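Welcome, and thanks for taking a look at this one. Here is a short briefing to read alongside the viewer, moving from model confidence to the fold, the core and the ligand site.

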Amino acid sequence: MRSRQFAYMLTVLVGLALATTVARADKHQPTEGQPLLLEDHMGEMNRALRRLKRLLADPEKTEESLVLVATIQQHALPAKAMVPTMAQDVEPAKRKAFVTAYRRQMIGLVQALLTLEDQLLSGQGQLALETYGNIRRIQKEGHHSFRKKEE
Ligand code: HEM
């Protein structure tokens, strides 16, 4: 009886693990050979930023942190020049201003990423952590203003 319960629990756990993996895999999967979309660049930035959080607090991991910061910068730059999907829903007369506002917010993100790089290079770990928080705030504001709400 016990072994049946154990087998049942194991099946549930493996099922949950698989479902999580599939749910994670369904987004940000750029099609091979196709140019990256805005959402692909965002997904790549997200992946690197999450890993960065764990490394930033460790002064031994500065080199690894710098590689991740460079990865985020490399996705932020092309993303800055793109047009958010939500622009389609903005009335034509206001669309240009909407895209400009998006771009300026992305410039703020790139500036914060360069500041973070500078702080890491000069060993200012505490300031780097604060800049990380600032980047998360810029992300939150950017999503609030420019990312289409899920329907
Ligand atoms: C490092 C900071 C940021 C991270 C980690 C991040 C992450 C993400 C993620 C994970 C998505 C969902 C992608 C998907 O659906 O597959 C997304 C979408 C999006 N993000 Fe960001 N984001 C950041 C900063 C920003 C900023 C500053 C803005 C605006 C200025 C912005 C605007 C958007 C928009 C518009 C979308 C929807 C994509 C579309 O319209 O096609 N994000 N972001």
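This is a predicted model, and the protein averages a pLDDT of 88, with 81% of the residues scoring at least 70. The stretch to treat with care is 18–26, where the pLDDT is below 50 and the model shows zero contacts beyond near neighbours in sequence. Where pLDDT is low, predicted coordinates should not be read in detail.

**Overall fold**

- The protein has five helices and zero strands, so there is no sheet to look for, given that count.
- Read from the N terminus, the order of elements is α-α-α-α-α.
- Of the 151 residues in the protein, 17% are buried.
- Among contacts in the protein with a separation of 6 or more, 57% join residues that are 24 or more positions apart.

**Helix α4**

- α4 covers residues 92–121, and its 30 residues should span 44 Å at 1.5 Å a residue; the end C-alpha atoms are indeed 44 Å apart, which agrees.
- The buried residues of α4 are Tyr102, Met106, Leu109, Leu113, Leu116, Gln119 and Leu120.
- The cover over those buried residues of α4 includes α3 and α5.
- After α4 comes Gly123, which has a positive phi near 70°.

**The nonpolar core**

- In soluble globular proteins, nonpolar side chains tend to be buried together.
- Here the largest nonpolar core holds 19 residues, and Val69, Ile72, Ala76, Leu113 and Leu116 have the most contacts inside it.
- At least two residues of this core come from each of α2, α3 (62–80), α4 and α5.
- The top contributor to this core is α4, with six residues.
- Val69 is a good place to start exploring: leaving aside neighbours within four places in sequence, Val69 touches Leu52, Leu113, Leu116, Glu117 and Leu120.

**Around the ligand**

- The ligand is surrounded by 25 residues, and the closest are Met42, Pro84, Thr85, Gln105 and Gly142.
- Three helices, α2 (38–56), α4 (92–121) and α5 (125–146), each supply at least two residues of this shell.
- Which helix gives the largest share of the shell? That is α2, with seven residues.
- By residue class, the shell around the ligand comprises 13 nonpolar, eight polar and four charged residues.

**Two residues to click on**

- Gln126 sits in helix α5. Is Gln126 buried or exposed? Gln126 counts as exposed, because it has 9 C-beta neighbours inside 10 Å, and the cut-off for exposed is 12 or fewer.
- Gln126 and Ala57 are 69 residues apart along the chain, yet their C-alpha atoms are separated by 8.1 Å.
- Lys53 belongs to helix α2. Lys53 counts as partly exposed because it has 13 C-beta neighbours inside 10 Å, which falls between the limits of 12 or fewer for exposed and 20 or more for buried.
- From Lys53 to Ser65 there are 8.8 Å between C-alpha atoms, and the two are twelve residues apart in sequence.

How values were computed:
Residues are numbered from 1 along each chain as its sequence is written. This is a predicted model: local features need pLDDT of at least 70, side-chain atom pairs count only at pLDDT 80 or more; totals for chains, interfaces and linings use all residues. A residue is near a molecule or strand if its C-beta atom, placed from the backbone, lies within 6 Å of it. Helices (H or I, at least four residues) and strands (E, at least two) are DSSP runs, numbered from the N terminus. Ala, Val, Leu, Ile, Met, Phe, Trp, Tyr, Cys and Pro count as nonpolar, Asp, Glu, Lys and Arg as charged, and the others, Gly among them, as polar. pLDDT is the predictor's confidence in each residue, from 0 to 100. Two residues are in contact if their C-beta atoms, placed from the backbone, lie within 7 Å. A nonpolar core is a set of buried Ala, Val, Leu, Ile, Met, Phe, Trp, Tyr and Cys residues joined through C-beta atoms within 7 Å. The expected span of a helix is 1.5 Å times one less than its number of residues.
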